[in-house]
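Please open the model in a viewer and keep the selection panel at hand. The stops below proceed from one selection to the next.

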Amino acid sequence: MLKIILFCLCMAACNDKENEYSVILPEQEQESDVPQNYTELMNKTVNVPTIYEQEAEYRGNIVQMDYDTRNYVAGTGETRINTAYVYLPYGYDEASDQPYNVFYFVHGHGETAASFFQNENELLRKLLDHMMANGDMAPTIVVSTSYIYGVPVDYYPDADPYCEALPQELVNDLIPIVENRYRTYAKTIDIAGIEASRGHRAIGGFSMGAVTTWYALAHTLNCFKYFIPISSDCWSLGRFAGMTCPDETAEYLANTIRDSAFSENDFYIWAASGSNDVAYDRILVQIQAMAQLTDVFPVTNLTFHEQEGVRHEFRPIAEYLYNALPS
């Protein structure tokens with residue numbers, strides 16, 4: 001029955017152009033609480049179970065990682081130190097050869113790498129504990145990163161150059177440390193090994209972290225297969241360009257992918273925002289423009305997910321990740 005329903009949804013999407021941006025109705029959703037396959041561009045998120053806000057029986061472990069990096073913004077090669085936080089799922093320390101997927105997350109303005117696991121009474125750490133214990137997602141190492149260079153900027157758009165620099169820092173400095181120290185799919189930590197294991201690596205972020213995620217798509221597609229930009233547009237053509245120049249931004253991203261070595265099945269963008277989020281229209285118009293370029297961005301590569309009624313805040317990130325990470 002499920003296959004029949006999904007087939008009918010696909011046929012409806014192909015035959016009704018007026019429903020190109022339609023939302024899947026609740027009765028059409030999969031039986032699973034957490035949708036993992038999407039047949040429409042536009043989707044509604046489902047609520048996180050209330051119990052997921054409580055402590056799970058088995059908890060993952062958070063490790064602070066201070067690492068050497070460089071000043072990629074100035075391009076001077078000047079050394080600096082940055083800090084990331086690494087979540088290791090419960091049971092990681094048990095003797096096993098099991099490799100783990102890795103998800104890199106980038107915070108928003110006014111936050112730090114520590115925010116991901118500390119804010120809202122450790123809400124996201126509890127979410128991960130429950131999701132992995134209940135089999136909602138594969139066991140995954142989650143790394144909270146930061147684009148901040150010393151003192152955070154007061155006006156959030158001024159963080160743009162730091163957001164653009166972070167993907168390069170991750171590939172050159174942080175990924176080799178994380179994926180060498182822990183059991184991952186990277187058999188080597190040189191660029192060849194990182195590229196070969198990209199199918200087991202995702203990057204995502206909220207607000208300015210989403211800006212960073214779009215930069216990662218544009219500059220480091222060879223190192224990440226999955227992208228989760230939440231509540232902000234792509235600024236590759238200028239600040240807020242995804243909103244002000246959606247067609248040009250979509251074409252820029254499409255050409256970047258067309259010029260790459262990767263086929264249409266080699267990446268997936270799970271984009272999202274809240275319906276009352278100040279950034280909702282910024283990212284939505286860009287997604288709609290991207291969806292017109294069906295040779296690069298069919299629904300198998302790009303979907304958008306709306307969380308009803310929420311604003312530009314930290315707490316809704318839990319529902320975004322609850323819906324995104326199973327994919």
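Select Glu122 first: at 29% relative accessibility it counts as partly exposed, a class between buried (under 20% relative accessible area) and exposed (over 50%), computed with a 1.4 Å probe on protein chains only. This is a predicted model, in which local features need pLDDT of at least 70 and side-chain atom pairs count only at pLDDT 80 or more, while totals for chains, interfaces and linings use all residues. Residues are numbered from 1 along each chain as its sequence is written, and side-chain values use heavy atoms, with hydrogens and water left out.

Now add Arg59 to the selection. Its side chain forms a salt bridge with Glu122, with 3.8 Å between the closest N and O atoms; the term denotes a side-chain nitrogen of Lys or Arg within 4 Å of a carboxyl oxygen of Asp or Glu. Glu122 belongs to helix H2 and Arg59 to the loop between E1 and strand E2 (61-70), so the contact ties together parts 63 residues apart in sequence. Helices (H or I, at least four residues) and strands (E, at least two) are DSSP runs, numbered from the N terminus. Arg59 is partly exposed, at a relative accessible area of 45%. Extend the selection to Glu55, Arg125 and Asp129, which are linked with Arg59 and Glu122 in a network of salt bridges.

Remain in helix H2 (residues 115-133) and select Asn121. What is the sign of phi at Asn121? The value is positive, near 55°, in a residue other than glycine. Asn121 is exposed, with a relative accessible area of 59%.

A second positive phi, of about 65°, is found at Ser231, which is not a glycine either. Select this residue in the loop between strand E7 (226-230) and helix H6 (241-244). Is Ser231 buried or exposed? Ser231 is buried, with a relative accessible area of 1%.

In the loop between E7 and H6, next select Arg239, and with it Asp158 in the loop between strand E5 (140-145) and helix H3 (160-181); the two residues are 81 positions apart. Their side chains meet in a salt bridge at 3.2 Å, N to O. Arg239 is partly exposed at 40%, and Asp158 is partly exposed at 32%.

Turn to Glu306 and Lys44, whose side chains meet in a salt bridge of 2.2 Å, N to O. Glu306 lies in strand E9 (residues 302-307) and Lys44 in strand E1 (residues 42-44), 262 residues apart. Glu306 is buried at 11% relative accessible area, whereas Lys44 is partly exposed at 28%. The count of salt bridges comes to 16.

Finally, display the strands. Nine of them form an open sheet with mixed pairing, in the order E1-E9-E8-E7-E6-E4-E5-E3-E2; two strands pair if DSSP finds at least two bridges between them. E1 and E2 are the edge strands, each pairing on one side only. The twist averages 20° from one strand to the next. E2 and strand E3 (residues 79-88) run antiparallel and are joined by 10 bridges; select Tyr67 to find its bridge partner Asn82 in E3.

Show the helices again. H2 lies across E2, E3, strand E4 (101-106) and E5, at about 165° to E5. Angles run from 0 to 180 degrees between N-to-C directions, with axes as lines fitted to C-alpha atoms, for helices over the stretch in contact; contact means heavy atoms within 4.5 Å. Helix H8 (residues 280-291) packs on the sheet, touching E1, E7, strand E8 (268-274) and E9, and its direction makes about 155° with that of E9.
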